[in-house]
Amino acid sequence: MSLFQPTPKTIDEVISLWDGCTKCIFSSLWKETGPCLPMKDIAGKEVLVVGQWPGEKDMEKGKPFSGKQGLVAIGMMKTAGFPSSVLYPTNVLLCCSPTEPGKQTLQNCKDQLDQTINVLKPVLIVALGTHAA
């Protein structure tokens, strides 16, 4: 995180800092929808489920894990015994990536994920995919 950027204390502050992000080339591909930001409702969310990046459906809806792959991942978590009420899905990247993201792109979004973790203080973090791990 930048030394000059305030440390967010609430999820609303995290969202406010990242809404309209233009740190990488992928943000320009999604000017109309904007980034797929973290969800506002964190009440009772103890399990952070981290994917690599949002899919097109996630970007359209503005909600992480709302596409086919995300629904499968959440379904697997439910099958493993985690009720949806405790799951907080998010992604390493905020924008849908048409290509494999480079190191700098991943670094650009890392602060967002770190800030979300600091605010949420999850009991468990489940990383799905290479970049999430």
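**Exercise 1. Which elements each supply at least two residues of the lining of the second largest pocket?**

Preliminaries: the model is predicted, so that local features need pLDDT of at least 70 and side-chain atom pairs count only at pLDDT 80 or more, while totals for chains, interfaces and linings use all residues. Residues are numbered from 1 along each chain as its sequence is written, and side-chain values use heavy atoms, with hydrogens and water left out.

Solution.
Step 1. Fix the terms: on a 1 Å grid over the protein atoms alone, a pocket is an open set of points with protein on both sides within 12 Å along at least five of seven lines, whereas a cavity is a set of points where a 1.4 Å probe fits but cannot get out; lining residues have an atom within 4 Å of a point. Volume is the space filled by probe spheres set on the points, with grid points joined across faces, edges and corners. Helices (H or I, at least four residues) and strands (E, at least two) are DSSP runs, numbered from the N terminus.
Step 2. List the lining: M39, K45, K63, P64, F65, S66, L71, I74, S84, L87 and P89.
Step 3. The elements sought are α4 and β2 (87-91).
Step 4. The volume of this pocket is about 160 Å³.

**Exercise 2. Describe the lining of the largest pocket.**

Solution.
Step 1. The largest pocket holds about 390 Å³ of space. Its lining comprises 16 residues, of which W53, D58, Q69, G70 and N91 are the closest to the centre.
Step 2. Both α3 (56-61) and α4 (68-79) supply at least two lining residues, and α4 gives the most, with 5 residues.
Step 3. Sort by class, with Ala, Val, Leu, Ile, Met, Phe, Trp, Tyr, Cys and Pro as nonpolar, Asp, Glu, Lys and Arg as charged, and the others, Gly among them, as polar. The lining then has 6 nonpolar, 7 polar and 3 charged residues.

**Exercise 3. Characterise the largest cavity.**

Solution.
Step 1. The structure holds 1 cavity of 30 Å³ or more, and the volume of the largest cavity is about 30 Å³.
Step 2. Its lining consists of C21, T22, K23, C24, S27, L94, C95 and C109.
Step 3. By class, these residues divide into 5 nonpolar, 2 polar and 1 charged.

**Exercise 4. Establish the strand order of the sheet and explain which strands stand at its edges.**

Solution.
Step 1. Strands pair if DSSP finds at least two bridges between them. The 3 strands form an open sheet with parallel pairing, in the order β2-β1-β3.
Step 2. Because β2 and β3 (124-127) each have a single partner strand, they stand at the edges, and one side of each is left without a neighbour in the sheet.
Step 3. Strand β1 (residues 47-51) is joined to β2 by 5 bridges; V50 has T90 as its bridge partner in β2.

**Exercise 5. Locate the salt bridge of K40.**

Solution.
Step 1. A salt bridge requires a side-chain nitrogen of Lys or Arg within 4 Å of a carboxyl oxygen of Asp or Glu.
Step 2. K40 forms one with D12, with the closest N and O atoms 3.7 Å apart.
Step 3. This pair links distant parts of the chain, since K40 lies in the loop between α2 (25-29) and β1 and D12 in helix α1 (residues 11-18), 28 residues apart.
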